[in-house]
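Student: Please show me the model. I have some questions about its core, its cavity and two serines.

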Amino acid sequence: MAFNCYWVVVILTVITLGKGQSGLTETCNPDDLEALTSFKSGISSDTSGRLEKWVGPSCCKWEGIVCDNVTGRVIELNLPGFISTESFLFQSQMNGLLSPSITLLSSLQVLDLGGLIGLSGSIPTSIGLRLSSLRKLYLYGNNLTGQVPESTGKLSELEELALHENRLSGSLPSSLGSLINLKRLHLYSNTISGVIPDEFSNLTSLVYLDLHDNSLSGNVPERIGDLQALKELDLSNNLLSGKIPSSVSNLSFISVMYLDQNSLEGPIPFPSTSGQMPLLGFLRLQNNRLSGKIPTKFGNLASLQRVSLANNKLEGEIPSSLGNLSSLTELYLGGNRFSGRIPDSIGHLSHLILLSLSHNLIEGPLPLQMSALQNIQTLDLSFNSLNLFSMPKWISELPSLSRIYLAGSRIEGKIPEILKTTPSPIQELDLSENSLTGSIPNWLGSLTQLYLLNLSRNSLESEIPDSISNLQQLGVLDLHSNNLNGSISRVFQISSLTYVDLSNNSFSSGIEGIVHGGEESGIQFLNLSNNVLKGKLPSTIGRFKSMQSLDLSSNELGFELPEALANLSSLHTLKLQKNRFSGEIPDEFLKMRKLKELDLSNNLLVGEIPNGKPLSDFPASSYSGNKGLCGKPLMPCN
């Protein structure tokens, strides 16, 4: 009998709870309803259409809302900008203000309003006092301003805080150091200033810390090594100074560490002993003021895959221990003061894809062991003290090499014919600032995968071969400062070009062919200055719709300035000085609103300078040497 009574009580209890649950989800808690309706009222547009479905009193049934099954209180508000389904990915946008009433959702555990782009306003100052149960706060990818509230440090349950990609300013509240459960802290791409609080070293549960792209100053916290759970650290692109704390060696689980683009100085302090930082795979320290030598024990960082120490003040020889980094794929050491020879052990880096040692004091000869780099795709040894005289044959035999940078390497003689047939098609070739002589060879046109060709600052003497028009992948062509002559028209048969510099040569013809065919040109930078070009600028020059910089100065070009130049709506630099242009400056030049630099001096121009911006903003020197010109900024016309 007692057994039967027990089950009657259980059944009645279940029925009662079921009815209570149903009742709780039928109507909203008044505070929750007020919070959500106020939030909705602050939004002027919602491209996802989710908010327009928020009608009636049953907020727990609204899209993006999750309620507690027992209390009926709202515990999750999920309205992210990216909406993903099995069939499509949609970037939605909300415009409007973030309502402070959102803090009335006092049982909220998850607030996800990330990536809505147009959400503005500020983070409510009382957020940490009202939303004490919050575990995840995502407000990234919006247009929020103001400071990170001091009360945020009261969110004792918080595990993830993502406020990146907004316009937040002010300093970081030290109270954030109280968030002992925090695993992810993303505040990057804001305008936050001040120092990184020492209290951040108390965040011992932190796995991901990303503060890059702000205006943070001061030192990296000395006790940052106390963050024993940390896997990824990004403090790049700030204003940090001082030394890298030696405690970073204690970060046993760190796999990504980016401290680049700061003003850090002193030596690289890690690793201090073998076995430290065993999982470090990605390290960026470039663009700082680091000095001293690369630590010998650096070669013990066995998991390293990508390393950049470029653009510092590091010196001494490259340690042979780097050859122990068997997982290394990319090594950037350019822009330092390294000297001596490249160690033979570099040849052990069998997975190396990119090696950049440019702008150092490294001496030759190159070790033959480098011929073992079977996977190397990019090799940059430019501007050292190599004194190669000739290109080593093994470079042309590397099976994967497609980007070769040997500028300023004292290579002499003709363009190396060993480049004619390489195992992998050459995509980028920089032999500038050497002592190359002779002609540009016809076979160069067979390198049909070339995107970049830089032969500038040599002593080449020839016309540009017809075969160059075969390079239909070429985007960057730099032949300036040679003794080249003849016509430039062949170059402009290459439709893929975006950057062309043929200045400081002896080219005399082809100006009428600089726009090839009837299509618009994609060239953005064109420098033909300091040649002996003659003739008239074609009216088709107006097809350079992407042109940003045009320099035709110091030639023998003449006739009137074509009105079509005004169609170059993206132009910010126009240099036509020291030619023989005549006639009046076309009124259409007033349309060039983006023009920041103009020089028409020392021509044969006459008449009144068209009155108005931007022409009237330039100094008199932009027009001087034209005896027939008058009007602002020159003397008034009679």
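What follows is a set of short questions and answers.

Tutor: This is a predicted model, where local features need pLDDT of at least 70, side-chain atom pairs count only at pLDDT 80 or more, and totals for chains, interfaces and linings use all residues. Residues are numbered from 1 along each chain as its sequence is written, and side-chain values use heavy atoms, with hydrogens and water left out.

Student: Which element gives the most residues to the largest nonpolar core?

Tutor: A nonpolar core is a set of buried Ala, Val, Leu, Ile, Met, Phe, Trp, Tyr and Cys residues joined through side-chain atoms within 4.5 Å. Buried means under 20% relative accessible area, exposed over 50%, partly exposed in between (1.4 Å probe, protein chains only). The largest such core holds 172 residues, and Leu77, Phe270 and Phe298 touch the most other members. Two or more residues come from each of H2 (30-41), E2 (65-67), E3 (74-78) and H4 (393-397), and the top contributor, with three residues, is helix H2.

Student: How many polar residues are in the lining of the largest cavity?

Tutor: A cavity is a set of points on a 1 Å grid over the protein atoms alone where a 1.4 Å probe fits but cannot get out, and lining residues have an atom within 4 Å of a point. The largest cavity has a volume of about 30 Å³, and its lining is Ile123, Ile127, Leu137, Val148, Pro149, Thr152, Leu161 and Leu163. Ala, Val, Leu, Ile, Met, Phe, Trp, Tyr, Cys and Pro count as nonpolar, Asp, Glu, Lys and Arg as charged, and the others, Gly among them, as polar. By class, the lining has seven nonpolar residues, no charged ones, and polar ones numbering one.

Student: Is serine 236 buried or exposed?

Tutor: Serine 236 sits in the loop between strands E15 (232-234) and E16 (239-243); helices (H or I, at least four residues) and strands (E, at least two) are DSSP runs, numbered from the N terminus. Beyond four places in sequence, serine 236 is in contact (heavy atoms within 4.5 Å) with residues including His212, Asp213, Tyr258 and Arg284. Its relative accessibility is 3%, so serine 236 counts as buried.

Student: What is the C-alpha to C-alpha distance between serine 402 and proline 425?

Tutor: Serine 402 lies in the loop between H4 and strand E28 (403-405). Serine 402 is buried, at 5% relative accessible area. Among the residues it touches beyond four places in sequence are Gln377, Ser424 and Pro425. Serine 402 and proline 425 are 23 residues apart in sequence, and their C-alpha separation in space is 5.9 Å.

How values were computed:
On a 1 Å grid over the protein atoms alone, a cavity is a set of points where a 1.4 Å probe fits but cannot get out, and a pocket is an open set with protein on both sides within 12 Å along at least five of seven lines; lining residues have an atom within 4 Å of a point. Grid points are joined across faces, edges and corners, and a volume is the space filled by probe spheres set on the points.
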